[in-house]
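Work through the exercises below with the sequence and the structure open beside you. Try each task before you read its solution.

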Amino acid sequence: MPDTDPTFLIAGVDEVGRGPLVGDVVTAAVILDPKRKIIGLNDSKKVSAKKRELLYEEIIEKSLAWSVGRASPVEIDSLNILHATMLAMHRAVDGLSVQPHHVKVDGNRCPKWQYSSEAIVKGDGLIAEISAASIIAKITRDREMLSLHEAHPEYGFDQHKGYPTKFHLEKLAQLGPLKEYRVSFKPVRLALVKHGELGV
């Protein structure tokens, strides 16, 4: 595979948000410009919050193309989280302004699509394009959780970003789910039952 050929365009794809109880699953696709190096790319979880923000801006500025895809809680509930994630990845690559020759996806499977592609386990720490996608997806989703926190600060979304922490589960049980929650996830269903919004 001509990875060293600057005219051979590789898109990296990653997702953020499969585990949370609330909000979209967010994916990103990035095609880097070989002439404009970005130093410090890595798995978004291994980069400090401050550094992630700086890298996000640099990726937006220097990449040949980038795109965000998503699947909503309704789609997650309808399709299941795996298929919704594949759909969101498809949307991210389809949204690129430049068509890639090959797509590298973080994880162990690729969506069913027309693109030449490969899945790479832990690719977000190994492949620069996937690292860039990881950072774009994480910043995008984290910002959405901060917006949700501003609207509903009592849930603490600024801290747990929707993941099922002890504090989050306590607040969910106490306050009940918002419309942004994923009803197919068990803790959300249990909270709906408790608040009389769903039959057992």
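**Exercise 1.** Find the helix that holds F157, and decide whether this residue is buried or exposed.

*Solution.* In this predicted model, F157 belongs to helix α5, which covers residues 157-160. The next step is to look at its relative accessible area, which is 0%; because buried means under 20%, F157 counts as buried. Then look for its surroundings: leaving out residues up to four places away in sequence, F157 touches V22, M145, L148, H149, H152, G162, H168, L178 and Y181. One of these, V22, is 135 residues away from F157 in sequence, yet the two C-alpha atoms are 9.5 Å apart in space.

**Exercise 2.** Identify the residues with the most contacts inside the largest nonpolar core, and the helices that each supply at least two of its residues.

*Solution.* The largest nonpolar core has 19 residues, and those with the most contacts inside it are F157, Y181 and V188. Helices α3 (81-94), α4 (128-151) and α7 (186-194) each supply at least two residues of this core. A second core, separate from that one, has 17 residues, including V16, V26, A28 and I136. Turning back to V188, and leaving aside neighbours within four places in sequence, one finds contacts with L21, L172, P177, Y181, R182 and V183.

**Exercise 3.** Compare the expected span of α4 with the distance between its end C-alpha atoms, and then describe how α1 packs against α4.

*Solution.* Helix α4 has 24 residues, and at 1.5 Å a residue it should span 34 Å; its end C-alpha atoms are 35 Å apart, which agrees. Since 17 of these 24 residues are buried, α4 is largely enclosed by the rest of the structure. Helix α1 (residues 49-62) packs against α4 at an angle of about 115 degrees, with the two axes 9 Å apart, and the crossing is left-handed. Among the residues that meet are L55, Y56 and I59 on the α1 side, and I135, I136 and I139 on the α4 side.

**Exercise 4.** Write down the order of the strands in the open sheet, and explain why one side of β3 and of β5 has no neighbour there.

*Solution.* Five strands form the sheet in the order β3-β2-β1-β4-β5, and their pairing is mixed. Strands β3 (65-71) and β5 (117-120) stand at the edges and have a single partner strand each, so one side of each is left without a neighbour in the sheet. On average, neighbouring strands are turned by 20 degrees against each other, with direction ignored. For a closer look at one pair, take β2 and β3, which run antiparallel and are joined by seven bridges; I31 stands opposite A65 in β3.

**Exercise 5.** Locate N80 and K122, and describe the phi angle and the exposure of each.

*Solution.* Begin with a general expectation: most residues other than glycine have a negative phi. N80, in the loop between α2 (73-79) and α3, has a positive phi near 90 degrees, and it is partly exposed, with a relative accessible area of 36%. K122, in the loop between β5 and α4, also has a positive phi, of about 60 degrees, although it is not a glycine. With a relative accessible area of 66%, K122 is exposed.

Terms used
Residues numbered from 1 in each chain as written. Predicted model: local features only at pLDDT ≥ 70, side-chain atom pairs only at ≥ 80, totals over all residues. Heavy atoms only, no water. Core = buried A, V, L, I, M, F, W, Y, C linked by side-chain atoms within 4.5 Å. Buried < 20%, exposed > 50% of the residue type's maximum accessible area, 1.4 Å probe, protein only. Helix = DSSP H or I, 4+ residues; strand = E, 2+ residues; numbered from the N terminus. Contact = heavy atoms within 4.5 Å. Pairing = 2+ DSSP bridges. Axes fitted to C-alpha atoms, helices over the stretch in contact; angles between N-to-C directions. Expected span 1.5 Å × (residues − 1). Left-handed = near helix turned anticlockwise from the far one by under 90°.
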